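Dear colleague,

Please find the structure below, followed by a short account of what was found in it.

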Amino acid sequence: LIKTDFRLEGFDQYLYQGDLYNAYIRRTGASVFEYDSITPAWNYVNLVRENVKPGLFNDYFLSCCDFEGDAEVLEQSIQESMEKTVFDEESYDREKKKLSLSCRRKNPSFATKLNKTYRFLKDHTEVTYEVVNVGGIDMDNCFANSFNITFSVNEQGKEPEAVITDNEIKFKDKKKTVSIRSEK
């Protein structure tokens, strides 16, 4: 796990270099802006025209909590996007391959601290969230994140189909299974 200002933004970004994948995290939004599979060679966060908000783990506070994955309702419910917020480094452990970033919401009505911890393991990345109400006022909004993944296309020009269960989405892409799992 390396930290340096390789994007020349005036503050550090982070690079996890592994045998199976590389992950690049920026402090602006505390999101993954590039996620490279080594074999097969593929960046799952490619910038393509259809992917207007590329990245993994883009965070939002929503005014509506009942959208059940509907992207259009989600977009209309965004009360505050964290994509332009510069997160502070809480902890960085190169040896344990662990990075914790945090920020406080700009919205004074809902004083909230968002803690986000990345842990890089041999064959996957774990991200843990903690949303803390630091204002003492009950909040009537929800927290959500998005994964804007770019897959390869097959000979017919189709992306891989998703297999969805209660807490996991799996895609078979380039002879590799890509899985996104949520644990409560």
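Confidence is given as pLDDT, the predictor's own score for each residue from 0 to 100: in the protein, its mean is lowest in helix α1 (residues 71-77), at 66, and highest in strand β8 (residues 88-93), at 96. Helices (H or I, at least four residues) and strands (E, at least two) are DSSP runs, numbered from the N terminus. The protein averages a pLDDT of 82, and 83% of the residues score at least 70. Where pLDDT is low, the predicted coordinates should not be read in detail.

This is a predicted model, in which local features need pLDDT of at least 70 and side-chain atom pairs count only at pLDDT 80 or more, while totals for chains, interfaces and linings use all residues. Residues are numbered from 1 along each chain as its sequence is written, and side-chain values use heavy atoms, leaving out hydrogens and water.

The largest nonpolar core (buried Ala, Val, Leu, Ile, Met, Phe, Trp, Tyr and Cys residues joined through side-chain atoms within 4.5 Å; buried means under 20% relative accessible area, with a 1.4 Å probe and protein chains only) has 27 residues. I25 and F120 have the most contacts inside this core. Strands that each supply at least two of its residues include β2 (13-17), β3 (21-25) and β15.

β15 also belongs to an open sheet of three strands, in the order β13-β14-β15 with antiparallel pairing (strands pair if DSSP finds at least two bridges between them). β13 (162-164) and β15 (176-181) each have a single partner strand, so one side of each lacks a neighbour in the sheet. Six bridges join β14 (residues 168-173) to β15.

With kind regards

Definitions and conventions. Buried < 20%, exposed > 50% of the residue type's maximum accessible area, 1.4 Å probe, protein only.
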